[in-house]
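Got the viewer open? Let's take a walk through this model, one selection at a time.

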Amino acid sequence: MPEDTKIGNTARTLRPATQLVHAGTLRSGFGETSESLFLTQGFVYPNAEAAEARFKGEEPGFIYSRYANPTTDMFEKRMCALEGAEDARATASGMAAIAAAIICQVKAGDHVLAARAMFGSCRYIIETLLPRYGVDFTLIDGSKIENWQNAVRPNTKVLFLESPTNPTLEVIDISAVAAVANSVGAKLIVDNVFATPLFQKPLELGAHIVVYSTTKHIDGQGRCLGGMILSDKAWVDENLHEYFRHTGPGLSPFNSWVMLKGLETLSVRIKQQTENAAKIADFLSTHSAVSKVIYPGRADHPQADIISRQMKGGSTLLAFEVKGGKKAAFKFENALEIVLISNNLGDSKSLVTHPTTTTHKNLTDEARAELGISDGLLRLSVGLEDADDLIEDLDIALKAAL
Ligand SMILES: Cc1ncc(COP(=O)(O)O)c(C=O)c1O
């Protein structure tokens, strides 16, 4: 299984669009063009001595697909090239990645500090699961750096944030939070789902670990769930390697293959979806049925200065508030003909969700108010349709909501 020699050995620095197509490719003796799908649980050895050497780590090679698999290896290597990470592990879902990244490095008596604007399942891990094992936590408004500085403790082991956040697209200063983590020797984990590896590189900004739900933009075509954890080799070796082998959260080779195919088209999809989203954000900002638009590509975004320093592009997602609360939001959703109602995001099909009654329904009214999630708020994940068709669809539905 030689690594692709053209890409693997080049001394040139490749640009992301080229990495997305070629990086990490392994070719079998058949010289196939497309990445091979190795649907195999195990691997055979030429003799007993070779099996012993492989188990001792004295000889390279695959042992068992719970540990590593050639197709998944290609997906991990391609993500490493894109992210500038030394090592990675692909997981069965984004939540498997986030759970593993946190749990593999904490023990009873440790403290986890996190921005409270995060995906609901992450709150379950931090607020409900970790305390059962003696790990304490603090949730803060992560947009203010002094909140991180005031809440960090000598026993803080992990800082966790999502930026931009779901669903209000708040942006957190990753470099400043990384400095807080470094002040106590803790590790900063960044959930980079909304930004994608093309628009934000948390490791370059000082974060120690990056996690993805590759279910979102990386597949981007609504097929498979997946996740990824990326970091430096020392952290993976010391914390994740054994945890991952023995708890088995790894991604199936089939899903890894789908993700590799997704990566090939990621840059063109993100470019077009972001262009569409920017056009829609401008349209919504002038609409009489809309009271607020939050879009990271607009100058009126509350953290526009951080965005200009830390992100290379806007977003495929935007949030907006319709006048008339839940009733108007539901009328709007039900009048849409092209945009689909779905809690997923990053898809080539445009998707809208009403966070109060779906993704964030488990939060208390106060918790939702703290996060700026009003009853009229909608999150729109913009797809690959013609932007003008989407604008027409939104306009008709907004008029129906008035
Ligand atoms: C920001 C964010 N992080 C993590 C996840 C979890 O990913 P998955 O559904 O692949 O487990 C999601 C969505 O579900 C998400 O939106």
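A polar contact here is a pair of N or O atoms within 3.5 Å; within protein, one must be able to donate a hydrogen and the other to accept it, and residues adjacent in sequence count only if both atoms are side-chain atoms. This is a predicted model, in which local features need pLDDT of at least 70 and side-chain atom pairs count only at pLDDT 80 or more, while totals for chains, interfaces and linings use all residues. Residues are numbered from 1 along each chain as its sequence is written, and side-chain values use heavy atoms, with hydrogens and water left out.

**Stop 1: the ligand.** Select T215 and look at its side chain: an N or O atom there is 2.6 Å from a ligand oxygen. Add S213, whose side chain has an N or O atom 2.8 Å from an oxygen of the ligand. Then pick D191, where the side-chain partner is a ligand nitrogen at 2.7 Å. On its own the ligand has 390 Å² of accessible area (Shrake-Rupley method, 1.4 Å probe), and the protein covers 91% of that.

**Stop 2: the shell.** Now show the residues with a heavy atom within 4 Å of the ligand. You should get 14 residues, with G94 and M95 among the closest. Which element gives the largest share? That's α5, with three residues; α5 (94-103) and α10 (215-219) are the elements that give two or more (helices are DSSP runs of H or I, at least four residues; strands are runs of E, at least two; both are numbered from the N terminus). Colour the shell by class and you'll find five nonpolar, six polar and three charged residues, with Gly counted as polar.

**Stop 3: the loop between β4 and α8.** Head for P164, in the loop between β4 (156-162) and α8 (174-183). A cis peptide bond joins S163 to P164, omega about -10 degrees. Slide along to P167 in this loop: N166 and P167 are joined by a cis peptide bond too, with omega about 5 degrees. L169, also between β4 and α8, isn't a glycine, yet has a positive phi of about 55 degrees. Is L169 buried or exposed? Buried, at 0% relative accessible area (buried is under 20%, exposed over 50%, partly exposed in between; 1.4 Å probe, protein chains only).

**Stop 4: α9.** Select T196 in helix α9 (residues 196-199). T196 is another non-glycine with a positive phi, about 70 degrees, and is buried at 3%.
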